[in-house]
Each structure stands twice: as C-alpha cells, then as structure tokens.
Amino acid sequence: MAERGFSVARLPGFSTIAIVVFVALYLPIITLVVYSFNAGQSVAVWEGFSLKWYVDAWANDAVKSATLRSLGIALCASIIATAAATMAALGTTRRKAFKGQTFIYVMINQPLMVPEIVTAVALLIFFASIKVATGYQGLGYLIIAHSAFCIPFAYLPIRARLEGMDLSLETAAADLYASSWQTFRRVTLPLLAPGIMAGAMLAFVISLDDVVITEFVKSGGQDTLPTYMLGQMRRALTPEVNAISSVLLALTVLLLTAFFLLTRKND
Amino acid sequence: MSAAEDAQAATATRNGWLLSAPALAILTFAAAGPLLIVLVYSFLTPGRYGNVEWALNFDGWIGILYTKDIFDETLKLADANMSIFWRSIKLSFLTTIITFAVGFPTAWFIATRPPKARALWLFLITIPFWTNLLIRTFAINEVIRNEGLMNTVLLWSGIISEPIRIIYTDTAVFIGMAYVYLPLMVLPLFASIDRFDMKLLEAGYDLYASRMQVLRRVILPIVKPGIVAGSILVFVPSLGAYVTPRVLGGGKNMMIGNFIELQFGQGRNWPLGAALSMTLLFVVMVALLFYVRAANGEKKNG
C-alpha cells in the first residue's frame, strides 16, 4: 500500500491478519457449498456441476420427515419462547427495581451460562423418569426443552427494544382515558412489534440449529435435521449432507438479513 | 416511604413476578430444575442396564479421579480420565489463546473501518456466528480431512507428496474449535474497541511512545473488559464442547463432553456421568464468577 501519511489507528500487520481471518472463515463454508453441486460421488474430485444431491436429499424420506420435524419444533418453540419472553420483558423493564428481579434475570439467562451438555444430561435423566411414569413419548419433550433454551434469545432483543421506548406515549394514552389493556394493545404492542419479531426469529434459528440437547432428549425415530446429519457423519460422508447444510446455511443468511433490517430501520 | 408508595412498590413486585411467571415455569421445568436431579443422581448406584438404583453411593464422585481394582478394591488414579481432562483443558486454553491472537487484529480492523464498510465487515463476522455449529464443523472437516481441500491443493502443487493426516487427532479438534468459536472472540473485542477513543493514541504518539508501547500500555488495558468477555465466551463452550470433538476427533480423542455422553450410553454409569456434569458445571461457574468480578472491578475503576 502506498504511504498515505501516518494514521494513528493503523497497527502494522493487523489488516493482513484480518483479511486472512476472513478468508479462513469463509473458505470452508464456500468449499462445502461448492461441493454440494458436485456431480460425482467422491467429495474430493470435482466432476462437473449437478443438482443431483439436492434431488436425492429431497427424495429421501428420512430427510423429509426430519426437516418437517425440525421446522415444527422450531415453530412451536419460538412461539412459546417469544410469548413467555415478551411477558417477562414487560415485567422486568421500565419499572423500579423490585425484589427478586436479579433472580429473574439469572433464571432467564441461565441457559446461556450452563454448558449445553450438562443441560442435555439433566433433561435426559428427568424426561426418562417422566416417560416411564406417564408412558408419553411424543414431541412435547423436545418442544418444551427447545422453548426453554430459546427464551433468553427471544428476551434480549425484546428487552433492548422496550428500554429504548419511553413511557410518554403510554402516559398520553392513559390521559385520554384508554384502559390499560387498550393502551397495551394499541400503543405498546405495535411499538414493540419489531423487537418481538427479531426475538422470534433468533429463537427460531437457535431451535433449528440445536444438536446436543435434541440428541439427548429425542426418543427413537424423532431425528431433527441436525441430529440426522450428525448420525450420517458417523457412517460415510455423503455430498447429500453438504446439500442439506447448504440449504440450512441459505435459510440462516436469509433470516439474519431480515433480522438486521428489522432492528436497524427503527433505530 | 408513604403507605401509597409502599402499595405501589408491592404492585410493581407482584406484576413483575406475574408477568415473568410463564418464562420462569418453563425454565424451571426444562432447564434449571433438572440440574438438581443430576446432583441427586451423582450420589446413587448405577443400575445394571443404565439408569440408577436408589441407594446412596459415592462411587460416582470417586470415579472421576480413581478406578477401583476389580480384585482387591484398591483405588488407583484413573489415567484415561486424567488424559481426557488434560486434553479438554489444554485444547480449551489453546483455542482461547489462538482466537485472541487472530481475533484482536480482526476486531481492530473492523472497528477502524469507515462506518458503512464497518457494518458490512461486522455482518460478515455475524453470519458464521449464527450459522449452525454442526455445519461449520462439517465445513472445516471438508478442508482438513485426508482427501480434503488442503491436501488436494498441497498435493497438486507438489508441496507435499503424502497427504497430511490430521483428522481424528487433537490438532484437528483444536483447529475445528478455533474455527467455530472465533466469532465469539471477535464480537466482544469489537464492542470494546469500538468505544475506544482514538485520540488517546494521538496522545501516546505525541509523547514519543512506539507502536508496541501504545498497544501494550494504552490499548490493551482499556479494552480489557472485551478481552475478558471474549476469553470466557470462547473458553466456556470449548470446555463443554461435544459436537466438534465428536466429528473431528473420532472416537479416541474425547473431551469431557463426549466422556459424559459415554457414561449415559455404552458406559452405563449414570452416577459417574452425573458427577462429571456437576464438575464441569462447577468449573464453568467459577470461570463466570471470575468474569463478573473482573467486569465489576472495571466499572468501579471508571
């Protein structure tokens, strides 16, 4: 680079390292996506462009049912988590500190602190006894487990949004004889909506991505897409897994872009 | 305080708790509560086919460090367990150090871009952060496995004549963890560098400090909260890692997470698994307390 005078913020070598880091971050992901379009069976040699593995994955019943299960669980869990997180955010922000508030914060953020493997083991033990006692084997266990660890991810953007809203509009509504429910429904909720949407999307992505807790909680035949992929990995590596990964990757990028637009527009 | 204020405070407390109740109920049922059951299980006797028998037994906790001789019941230090703990701690420290070494320049680079470009670079770091950990592990596997990108390129260019075999070794797990946890280091570092006042650098240089002196004496002390946050955010999940060592380490190079799973699978020793989980949880809590203290200390000092 040509000498452009002395810049205080420049530290020698830092830009080079940063560029290498970005290349190193994206090269593996790009490799994965490129090889999902490889015509050959081998994951090593490039044999021409083909959508074969996407077609194969689409035709695979195990993949189909795992996909539907993943989406169903993520949808239920994100709705439950977002509803609970919205209420908790309304209860813990914009009011005087109250007794037990710290305890509530700790409880809500607890899934971020405890290692996933420990929670997974705890749920395995707990749900195993419930399964024996009640005989119920359904998806409810996965949905409630996912709802729990999604709560902090839904809570954080909603709380951030609430803290940025001042109380003057709500006070104005109350001055105009709106009932507290009317105020909430017509004033608070519409203003809070972008935060709720952002929280729901994060919860959805987090649920969709989970491997460890799902792996321990699921009963037989309840594979989600990530646990199915992990199971495939144990046997032989197939480009089919690359194809599924690429689709999930595209979905994540899409949701993230939407999330950024949602949170930025209303700054 | 007047009676009216008292009543108001009581209402605030009640509403706060009522509104938080659903979230607390779900978290108690499916996250925090079951941890207590794990603690109880760590003091029970392993059942023959997994699960437990309800009889008090300390073997789970003893089994963390020692093995019992099957003939004379003498206790011996369990070498296999020791090597797993050592590997977990060593790889977690190495991962934290390498992600800091390359993550700090990266965060600095992002924070010193013009505002528009900065948003883009930040977005580029955020995408891997939110991408499924399993997919990122598969991606790095594509690069480092025996017939992967790295070996293909190196063999083709004639730099090596035999593929470098690092898959299913500690090195592979280390590379994988550094790759998947790097964004966790960069984001908090960026947050604290972003708040850093670049005028301080001018002051440093005006006083004839060298670049190295400015870095060591001005920048690093001020962005320390970000360094602590990033290190904890990388160290804690590394210590409890399960997916990355399972995929890249094969069956032999277990870390604590995989060792815990083993006890609930083939090992059929639930109390040992429970005791190991509690130990991991304890170590993580100590690390987090250390972090909270460091963060609070920072606040007090301004």
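A residue counts as buried if 20 or more other C-beta atoms lie within 10 Å of its own. Keep that cut-off in mind for the first stop on this tour of a predicted model.

**Stop 1: A:Ala57**

Select A:Ala57, which sits in helix 2 (residues 52-59) of chain A. Is A:Ala57 buried or exposed? It has 22 C-beta neighbours inside 10 Å, so A:Ala57 is classed as buried. Now show what surrounds it: leaving out residues up to four places away in sequence, A:Ala57 touches A:Val63, A:Glu240, A:Ala243 and A:Ile244. For a sense of scale, draw a distance from A:Ala57 to A:Val23, 34 residues apart along the chain; their C-alpha atoms are separated by 29 Å.

**Stop 2: where chain A meets chain B**

Next, colour the two chains separately and pick out the contact between them, to which chain A gives 72 residues and chain B gives 69 residues. On the chain A side, several helices supply at least two residues each, among them helix 3 (61-92), helix 6 (140-164), helix 8 (180-209) and helix 11 (239-265). Which helix of chain A provides the largest share? That is helix 1 of chain A, with 13 residues. Try colouring this side by residue type: you should find 56 nonpolar, 11 polar and 5 charged residues.

**Stop 3: the largest nonpolar core**

Move on to the largest nonpolar core, a set of 147 residues. Good places to centre the view are the residues with the most contacts inside this core: A:Ala85, A:Val121, A:Leu123, A:Ile151, A:Ala154 and A:Ala203. Then highlight helix 7 (residues 170-194) of chain B, which gives the most to the core, with 17 residues. Why does the core lie between domain 1 (1-41) and domain 2 (79-300) of chain B? Both domains give residues to the core, so it lies between them.

Stay here and zoom in on A:Leu123. Setting aside neighbours within four places in sequence, A:Leu123 is in contact with A:Ala145, A:Ile213, A:Phe216 and A:Val217 from chain A, and with B:Ala30 and B:Pro34 from chain B.

**Stop 4: the domains of chain B**

Now select chain B alone and split it by its domain assignment, into domain 1 (1-41) and domain 2 (79-300). Place a marker at the centre of each, taken over C-alpha atoms, and the two centres of these chain B domains are separated by 35 Å.

**Last stop: confidence**

Finally, colour chain B by pLDDT. Its mean is 88, and 98% of the residues in chain B reach 70 or more. For the model as a whole, the scores are ipTM 0.88 and pTM 0.88.

Definitions and conventions:
Residues numbered from 1 in each chain as written. Chains lettered and ligands numbered in written order. Predicted model: local features only at pLDDT ≥ 70, side-chain atom pairs only at ≥ 80, totals over all residues. Contact = placed C-beta atoms within 7 Å. Helix = DSSP H or I, 4+ residues; strand = E, 2+ residues; numbered from the N terminus. Nonpolar A, V, L, I, M, F, W, Y, C, P; charged D, E, K, R; others polar. Core = buried A, V, L, I, M, F, W, Y, C linked by C-beta atoms within 7 Å. Buried ≥ 20, exposed ≤ 12 C-beta atoms within 10 Å, placed from the backbone. Domains from an automatic or database assignment. pLDDT = per-residue confidence, 0-100.
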